[in-house]
Amino acid sequence: MRILITGASGCIGQYIAEALIQETDHELFLLVRNPARLQIDPHQRAGVKVIQGDLIDLTPLEPLLPTLDVAILTATAWGGNNVFAINYEQTCHLLKQLDPQRCQRVFYFSTASILNHQMEPLPEAGTLGTDYIRSKYECLHAIEQLPVGDRVIELFPTMVFGGGADGKRPSFITEGLREVLKWLWLARFFRADASFHFVHARDIAQVVLYLLQHPEYPVPRRVALGNPAITVNEMLAQLCAAAKLPIYGQIPLTLPMINFFVRVFRVQMSPWDYFCLNYRNFTYETVLNPQALGLTPYCATVADLLRCSLGTADLST
């Protein structure tokens with residue numbers, strides 16, 4: 001098969017590219033803006049080509065796109081003037097150039113933040129969302145109407161960790177973990193009514209590899225990628241245990257109290273941030289992870305998360 005991976009030097013893309021290089025003999029095309037940022041060796045085997053380019057200009061890809069059997073679209077713009085152009089317009093333009101008679105599957109990466117618990121788009125994502133959120137929201141509605149729309153698997157990563165201890169490019173969340181842990185001594189005095197999923201990018205790569213190798217697997221059109229849901233209080237308790245910090249009485253963290261902290265610490269918050277504070281439970285009914293596929297997860301617990309991100313599960317030292 002001929003497979004394109006966009007965003008191959010990004011947090012998720014680098015793990016997918018590595019897995020496909022090492023575990024398959026498919027012909028791979030890795031789209032990267034800067035080949036120097038590719039932290040894997042694309043020359044481990046034959047049949048791997050690095051293409052320098054950007055979704056803002058699809059010219060380098062135009063001869064390739066109609067010949068593809070699979071497209072894995074992880075590239076995204078997090079901010080800046082080209083957010084809508086890259087995340088919405090150019091993504092749709094790329095998909096329109098795939099040959100519906102040849103292309104078997106498209107793995108399109110969005111973000112779980114734009115979905116409600118039933119895997120339907122949140123209207124607030126389209127009205128209150130940041131440019132990044134709104135661009136993903138608009139693209140989701142558009143791609144289902146395209147000629148290859150019936151073979152698109154829409155993947156919605158939850159809180160993505162990756163890089164750090166293993167030397168790969170870290171995700172934004174992994175980069176911020178050490179700073180968060182500095183406030184653990186204070187956070188342990190509060191309780192919060194909220195829940196979420198998290199997932200490591202290496203486990204996302206495991207899922208994509210499995211779905212490629214098992215096209216008969218009955219994967220739903222929309223799938224959130226993450227471990228089973230965990231509450232904020234459960235994660236806090238496990239982090240405190242790793243840091244040997246005792247937890248005594250805890251104060252419920254209410255919205256008025258959060259607003260107080262926002263004012264005191266002068267935190268800049270968008271309308272979307274306030275919506276997320278009220279929504280609180282970002283959990284989904286259709287979640288896929290390595291365990292669900294009978295695979296061994298790389299990072300399934302909070303202890304795993306600390307080891308993968310920091311190189312240790314013991315925060316007391």
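In this predicted model, serine 195 has asparagine 281 of β14 as its bridge partner. The strand on the other end of that link is β9, covering residues 195-196, and two bridges tie β9 to β14. The two strands run parallel. Zooming out a little, β9 and β14 belong to an open sheet of three strands, ordered β12-β9-β14. Pairing within this sheet is mixed. The edges are taken by β12 (230-231) and β14 (281-282), each of which pairs on one side only.

Next come the helices. Helix α2 packs against helix α4, which spans residues 131-143. Two packed helices are described by the angle between their axes and the distance between the axes. For α2 and α4, the angle comes out at about 20°, and the axes sit 8 Å apart. Angles under 35 degrees count as roughly parallel, so α2 and α4 are roughly parallel to each other. As for handedness, α2 passes α4 in a right-handed crossing.

Then there is the empty space. Rolling a probe the size of a water molecule over the atoms shows where empty space is left. With a cut-off of 30 Å³ or more, the count is one cavity. The largest cavity holds about 40 Å³ of space. Its lining is made up of Thr6, Leu55, Leu73, Ala75, Thr91, Leu94, Tyr108, Phe109 and Lys136. Helix α2 turns up again here: α2 (83-96) and β5 (105-109) are the elements that give two or more residues to this lining. Sorted by class, the lining of the largest cavity has six nonpolar residues, two polar ones and one charged one.

On the open side of things, the second largest pocket offers about 260 Å³ of space. Two elements, α1 (11-23) and α7 (201-213), each give two or more residues to its lining. The largest share comes from α7, with six residues. The full set of residues lining the second largest pocket reads Tyr15, Glu18, Ala19, Gln22, Glu23, Arg202, Ala205, Gln206, Leu209, Tyr210, Gln213 and Leu295. Split by class, that makes six nonpolar, three polar and three charged residues. The charged ones are Glu18, Glu23 and Arg202, while Gln22, Gln206 and Gln213 are the polar ones.

Methods
Residues are numbered from 1 along each chain as its sequence is written. This is a predicted model: local features need pLDDT of at least 70, side-chain atom pairs count only at pLDDT 80 or more; totals for chains, interfaces and linings use all residues. Side-chain values use heavy atoms; hydrogens and water are left out. Two strands pair if DSSP finds at least two bridges between them. Helices (H or I, at least four residues) and strands (E, at least two) are DSSP runs, numbered from the N terminus. On a 1 Å grid over the protein atoms alone, a cavity is a set of points where a 1.4 Å probe fits but cannot get out, and a pocket is an open set with protein on both sides within 12 Å along at least five of seven lines; lining residues have an atom within 4 Å of a point. Grid points are joined across faces, edges and corners, and a volume is the space filled by probe spheres set on the points. Axes are lines fitted to C-alpha atoms, for helices over the stretch in contact, and angles run from 0 to 180 degrees between N-to-C directions. Angles under 35 degrees count as roughly parallel, over 145 as roughly antiparallel, 65 to 115 as roughly perpendicular and the rest as oblique. A crossing is left-handed if the near helix is turned anticlockwise from the far one by less than a right angle, and right-handed if clockwise.
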